[in-house]
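Biologist: I'm new to reading structures, so could you take me slowly through one part of this one? I'd like a close look at the salt bridges, and at the sheet and helices around them.

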Amino acid sequence: MTLKRFVCAVVGLVLFATPGLACVGKTLILGAVARPEGRVVAQILAVLINERTGTTVKIQEFDGPDAAHDAMVRHEVDIVVEAAGRALERLDLADPGDPKARYDLVKEAYLERFNLVWLPPLGYGEAGEGPAAPVARKDILRKFPALPRLIAKTRGLVTDDVLATLTDRGDPRKAARDFLRRRKLI
């Protein structure tokens with residue numbers, strides 16, 4: 001092998017091998033509502049992010065969704081899971097009735113008002129205040145550019161029935177890990 005080919009091979013390895021390591025050694029703060037469902041969803045995201053990127057994910061619990069939202073606006077939390085219906089109330093916007101329209105409306109308004117990005121819906125809450133989706137600070141997504149694509153792998157997988165089953169299992173971390181393994185996400 002010539003020196004030129006060797007150098008090209010090394011450069012190629014460095015360029016293609018490092019994107020997966022881009023998040024290693026970094027920490028994300030994930031806000032969760034201190035309820036069984038909130039704990040399970042937070043663990044699903046935390047385990048997925050940690051296992052797939054090496055990023056440390058710390059979960060901070062809040063008494064309610066407004067407290068979690070306020071912490072994110074103050075840059076104390078990086079990601080929370082929010083229901084579109086609650087977000088509409090917070091924004092004082094009329095509910096268009098359709099879950100997709102509700103999601104699209106809050107996605108646009110959150111980006112404009114709070115510089116927060118709504119990621120794809122998880123799959124639960126469609127009948128009530130949903131859909132529920134992870135919401136991240138825009139500056140965090142610049143630091144962790146792989147997050148939207150990674151979290152999107154959970155799109156539509158955490159239905160109301162799945163969430164109820166996982167919540168009944170007891171340990172949220174174990175339930176989340178088992179769920180992600182069954183889905184071949186970790």
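Modeller: Sure, let's start with the whole chain. Its secondary structure comes to nine helices and five strands, where helices (H or I, at least four residues) and strands (E, at least two) are DSSP runs numbered from the N terminus. From that end, the elements run α-β-α-β-α-β-α-α-β-β-α-α-α-α.

A word on where this comes from: it is a predicted model, in which local features need pLDDT of at least 70 and side-chain atom pairs count only at pLDDT 80 or more, while totals for chains, interfaces and linings use all residues. Residues are numbered from 1 along each chain as its sequence is written, and side-chain values use heavy atoms, leaving out hydrogens and water.

Now the sheet. The five strands form an open, mixed sheet in the order E2-E1-E3-E5-E4; two strands pair if DSSP finds at least two bridges between them. At the edges sit E2 (56–62) and E4 (116–118), each pairing on one side only. Neighbouring strands are turned by 30° against each other on average, ignoring direction. Such angles run from 0 to 180 degrees between N-to-C directions, and the axes are lines fitted to C-alpha atoms, for helices over the stretch in contact. Strand E1 (residues 27–33) and E2 pair in the parallel sense over seven bridges, and one residue to look for is Ile-29, whose bridge partner in E2 is Lys-58. Helix H3 (residues 65–73) lies across E1, E2, E3 (79–83), E4 and E5 (132–137), at about 140° to E3.

On to the salt bridges. Side chains of opposite charge can pair when their charged atoms come close. The rule used here asks for a side-chain nitrogen of Lys or Arg within 4 Å of a carboxyl oxygen of Asp or Glu, and by this rule the count is 12.

Take Glu-51 and Arg-177, whose side chains meet at 2.9 Å, N to O. Glu-51 belongs to helix H2 (residues 36–53) and Arg-177 to helix H9 (residues 172–182), so this pair ties together parts that are 126 residues apart in sequence. Glu-51 is partly exposed, at 42% relative accessible area, whereas Arg-177 is buried at 17%. Here buried means under 20%, exposed over 50% and partly exposed in between, using a 1.4 Å probe and protein chains only. Of the chain's 186 residues, 44% count as buried.

H9 has a salt bridge inside it too: Lys-174 reaches Asp-178, with the closest N and O atoms 2.9 Å apart. Those two residues are four apart, about one turn of the helix.

Next, look at Arg-86, which forms a salt bridge with Glu-82, their closest N and O atoms being 3.4 Å apart. Arg-86 is partly exposed at 23%, while Glu-82 is buried at 3%. Both belong to a network of salt bridges that links Asp-66, Glu-82, Arg-86, Arg-90 and Glu-129.

Finally, helix H4 (residues 84–91) packs against helix H5 (residues 99–114) at about 50°, with axes 9 Å apart. H4 and H5 are therefore oblique to each other: angles under 35 degrees count as roughly parallel, over 145 as roughly antiparallel, 65 to 115 as roughly perpendicular, and the rest as oblique. Among the residues that meet are Ala-84, Leu-88 and Arg-90 in H4, with Tyr-103, Val-106 and Phe-114 among those in H5; contact means heavy atoms within 4.5 Å.
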